[in-house]
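Here is a friendly tour for anyone about to look through this structure at the bench. Please keep the 3D view open while you read.

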Amino acid sequence: MKTLNVVSAKSVWLFDINDLNPRGKDIYSDLLEGLKDRYHFEKAPASTSDLDRTTKGYKFERGSFQAKEEIFIAVDLEIYNDGIVGNSRSSTYETDKFLEDVLSTLATDFSLTYSPDIIRTKMYTSELTVRLERVLFDLNPKLRDVANMISSFCALPGVLPFEVSGLGFSTDLAISHLKPSPFLLERKASASFSEKRYYSKAPLHTDKHEEVLREIEHILTSGN
C-alpha cells in the first residue's frame, strides 16, 4: 500500500467555547481579525455577524501554519459554540498542532482561559488516495462469481465486467451517541481500475488510517 496524497486531515475538538472567555470580554471582533492575520487566511469572517449560512459557524479558509522548521502547511479553521474544527492536507497530528496553537495564541493574546482539560472529546476524519497492488476480489474468490452474475444480468453493449469496487465499516449510527464517519475503501471514481487508485476515509488519525489499510492489503495478499 502506498499513500499517494492526503485529501483531508480533519480534527474536531469539542468543548464549550464560552469556557475560553468566562467573564464575557468584548473581544470577538479583534479575535477574528487576529486569527486572520496570524495564519494569513485568504477568506475570513469580516465581523462577528458574518456567520456561515449553512453551518452557523465562523469559517476561515486557505491559511498557513508553520508545522515544523521551514515547513508550512495549508489549513482551514471553523469555530462553533461547541468547539473548533481544523483541517489540513498533511496529517491529523499536524492539524492537532495547529488547533493547539490557535487556542494557546488566543489565550496569550487576549488573556483568555485555556487549558487542555477543557476539551471534552477529540474526533478525526482522515481521507487518503492510495494505491493497492491487490484487488478486493482477493477477500473471497466467490465474490468474482457474484460479479460475473451481475455482469451477465446487466448485459449492456460495451459495458466492462463488474468488479468489487468498495469495502466499508461503520458503527450503528441509529443508536450511537457520537457518530463517527464510516471507514470506506473504494475505487477512485475518476481513475481507471488499471491505475489501482483507491479513495479511503476513516474516523482515525492519519497514521492509524494507513495502518488499517496496510492490514487490509496484507489480508488481500495472504488470502486470510
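The notes below go through helices, charged pairs, a nonpolar patch, backbone angles and one distant pair.

Please bear in mind that this is a predicted model. Its salt bridges come to nine by count, and a nonpolar surface patch of about 410 Å² includes Val159 among its residues. Two residues that are not glycine, His40 and Lys196, have a positive phi.

**How two helices cross**

- Two packed helices are described by the angle between their axes and the distance between the axes.
- Here, helix H1 (residues 28-39) and helix H2 (residues 92-110) have axes that come within 11 Å and cross at roughly 130 degrees. That angle makes H1 oblique to H2.
- The crossing in which H1 passes H2 is right-handed.
- A salt bridge also joins these helices: the side chains of Asp101 and Arg38 meet with an N to O distance of 3.1 Å. Because Asp101 lies in helix H2 and Arg38 in helix H1, the pair ties together parts that are 63 residues apart in sequence.
- Arg38 has a relative accessible area of 42%, so this residue is partly exposed.

**Other charged pairs**

- Side chains of opposite charge can pair when their charged atoms come close.
- Arg187 and Glu163 form a salt bridge, with 3.4 Å between the closest N and O atoms. This pair links distant parts of the chain, 24 residues apart: Arg187 is in strand S7 (residues 183-187), while Glu163 is in the loop between H3 and S6.
- Is Arg187 buried or exposed? With 10% relative accessibility, Arg187 counts as buried, whereas its partner Glu163 is partly exposed at a relative accessible area of 32%.
- Glu61 and Arg62 make another salt bridge, their closest N and O atoms lying 3.4 Å apart.
- Glu61 counts as partly exposed at 21% relative accessibility, because the buried class is kept for values under 20%. Arg62 is also classed as partly exposed, at 43%.
- Which residues are joined into one network by salt bridges that share partners? They are Glu42, Glu61 and Arg62.

**A nonpolar patch on the surface**

- Five residues make the patch of about 410 Å²: Val146, Ile150, Leu156, Val159 and Phe162.
- Val159 sits in the loop between helix H3 (142-154) and strand S6 (166-169).
- Val159 has 41% relative accessibility and so counts as partly exposed.

**Backbone angles worth a look**

- Most residues other than glycine have a negative phi, and most peptide bonds are trans.
- His40, although not a glycine, has a positive phi of about 55 degrees. You will find His40 in the loop between H1 and strand S2 (58-68), and at 55% relative accessibility His40 counts as exposed.
- Lys196 is not a glycine either, yet has a positive phi of about 60 degrees. Its place is the loop between S7 and strand S8 (197-202), and Lys196 is partly exposed with a relative accessible area of 32%.

**A pair distant in sequence**

- How many residues apart in sequence are Val7 and Tyr199? They are 192 residues apart, while their C-alpha atoms are 8.9 Å apart in space.
- Val7 belongs to strand S1 (residues 2-14), and its relative accessible area of 32% makes Val7 partly exposed.

Key
Residues are numbered from 1 along each chain as its sequence is written. This is a predicted model: local features need pLDDT of at least 70, side-chain atom pairs count only at pLDDT 80 or more; totals for chains, interfaces and linings use all residues. Side-chain values use heavy atoms; hydrogens and water are left out. Patches are made of residues with over 30% relative accessible area and no salt bridge: like charges are joined within 9 Å, nonpolar side chains (Val, Leu, Ile, Met, Phe, Trp, Tyr) within 5 Å. Accessible areas come from the Shrake-Rupley method with a 1.4 Å probe; for residues, only the protein chains shown count as cover. A salt bridge is a side-chain nitrogen of Lys or Arg within 4 Å of a carboxyl oxygen of Asp or Glu. Helices (H or I, at least four residues) and strands (E, at least two) are DSSP runs, numbered from the N terminus. Buried means under 20% relative accessible area, exposed over 50%, partly exposed in between (1.4 Å probe, protein chains only). Axes are lines fitted to C-alpha atoms, for helices over the stretch in contact, and angles run from 0 to 180 degrees between N-to-C directions. Angles under 35 degrees count as roughly parallel, over 145 as roughly antiparallel, 65 to 115 as roughly perpendicular and the rest as oblique. A crossing is left-handed if the near helix is turned anticlockwise from the far one by less than a right angle, and right-handed if clockwise.
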